[in-house]
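Have the coordinates open and follow the fold step by step. The route goes from the sheet to the helices on it, then to a pair of helices.

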Amino acid sequence: MKQVRAKKNLGQHFLIDESIAERIAGSLTGMTDCLLEIGPGMGVLTKYLINDKRYRFKVVELDRESVEYLHDYYPELEVIEGDFLRLDLSKLFRSESNGGHKLSIIGNFPYNISSQILFRVFENRDMVPEVVGMFQKEVAERVAAGPGSKTYGILSVLLSAFYNIEYLFTVHEHVFNPPPKVKSAVIRLTRNEVDSLDCDEKLFVTVVKTAFNQRRKTMRNALKPLNCPLEAIGGDILSKRAEQLSVRDFVFITATLQESLKNNVPVSEGADE
């Protein structure tokens with residue numbers, strides 16, 4: 001059967017090592033009965049998922065050539081042709097009797113949108129209790145990093161507020177076609193017991209993004225763009241940098257600022273990582 005040509009503009013690097021594909025599929029814990037694979041390409045991972053009876057399974061693929069390949073090779077597979085970043089996840093597995101369903105997400109994610117995929121997961125965290133994905137190694141390390149690490153950043157804080165994050169294993173360049181110039185890694189996110197934070201969650205996101213946008217500065221200086229009183233925060237927390245603070249610290253900062261902002265002082269939003 002004709003092979004799909006990898007397209008650089010879509011960040012495609014097709015996994016060709018069956019043992020790694022099987023290992024990725026086996027990393028799912030079965031937290032939901034619905035499963036979505038992002039960017040299946042030629043289905044090397046799909047073949048280990050399609051017959052897993054635990055799941056109602058669908059894939060989403062943007063590349064038209066890959067969609068045609070999947071229709072030919074897996075005629076029984078439900079393929080959604082489109083951009084994952086534009087999907088309404090609440091409608092993917094909806095049924096007349098049971099409304100929307102929670103779903104797990106898996107994939108060898110395109111490098112060029114992998115961080116955006118995780119931001120979408122964060123936005124839909126109450127609907128997505130589990131993610132198993134392959135990322136560029138430095139992205140995986142950043143997501144899994146804890147306070148004090150130089151790679152700790154916006155995604156580290158936002159995701160660890162609601163997920164347990166595990167770095168599962170490293171994947172080398174030679175198992176892809178074409179080989180990327182960097183190593184990859186597989187991580188797993190599983191929803192923790194936090195339903196909501198003890199602060200305004202929109203403001204929490206803004207505080208985290210603003211703090212890391214100037215990560216070399218202390219919090220006293222990094223948070224100045226918010227144009228809000230910082231004196232109420234107190235302690236030594238303002239003398240620390242963002243990479244030194246835990247999720248709990250960011251929640252405390254946000255809750256304190258929230259009280260100080262009852263006079264409706266506008267807060268500008270930080271940029272994405």
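Two strands count as paired if DSSP finds at least two bridges between them. The model here is predicted. By that criterion, seven strands make up an open sheet. Read across, the order is β4-β3-β2-β5-β6-β9-β7, and the pairing is mixed. The edges are β4 (78–81) and β7 (163–171), each of which pairs on one side only. From one strand to the next, the twist averages 25°.

Now look at the β7 end of that order. Strands of a sheet pair through backbone hydrogen bonds, either parallel or antiparallel. Strand β6 (residues 130–136) and strand β9 (residues 184–191) take the antiparallel sense, over seven bridges. Eight bridges join β7 to β9, and these two strands also run antiparallel. Leucine 189 of β9 is a good place to stop. It is the bridge partner of valine 131, and it is the bridge partner of isoleucine 165.

How many residues of β9 are buried? Eight of its eight residues are, so to find them under 20% relative accessible area is to find the strand mostly covered. In a regular strand the side chains alternate between the two faces of the sheet. In β9, Ser184, Val186, Arg188 and Thr190 point one way. Ala185, Ile187, Leu189 and Arg191 point the other way. Both sets are buried, the two arginines, Arg188 and Arg191, included.

Helices pack on this sheet. Helix α1 (residues 18–25) touches β5 (104–108), β6, β7 and β9. Its direction makes about 170° with that of β7. Helix α2 (residues 64–73) packs on the sheet through β3 (56–61) and β4. The direction of α2 makes about 165° with that of β4.

Helix α3 (residues 114–123) is mostly covered, with eight of its 10 residues buried. Among the buried residues are Ile117, Leu118, Phe119, Val121 and Phe122. Ser114, Ser115 and Arg120 are buried too.

Turn last to α6 and α8. Two packed helices are described by the angle between their axes and the distance between the axes. The axes of helix α6 (residues 201–213) and helix α8 (residues 247–260) come within 9 Å and cross at roughly 115°. Angles of 65 to 115 degrees count as roughly perpendicular, and α6 and α8 are therefore roughly perpendicular to each other. Their crossing is right-handed.

Which residues of α6 meet α8? They are Leu203, Phe204, Val207, Val208, Ala211 and Phe212. From α8 come Val247, Phe250, Val251, Ile253, Thr254, Leu257 and Gln258. This contact divides into 11 nonpolar residues, two polar and no charged.

Methods:
Residues numbered from 1 in each chain as written. Predicted model: local features only at pLDDT ≥ 70, side-chain atom pairs only at ≥ 80, totals over all residues. Heavy atoms only, no water. Helix = DSSP H or I, 4+ residues; strand = E, 2+ residues; numbered from the N terminus. Axes fitted to C-alpha atoms, helices over the stretch in contact; angles between N-to-C directions. Contact = heavy atoms within 4.5 Å. Parallel < 35°, antiparallel > 145°, perpendicular 65-115°, else oblique. Left-handed = near helix turned anticlockwise from the far one by under 90°. Nonpolar A, V, L, I, M, F, W, Y, C, P; charged D, E, K, R; others polar. Buried < 20%, exposed > 50% of the residue type's maximum accessible area, 1.4 Å probe, protein only.
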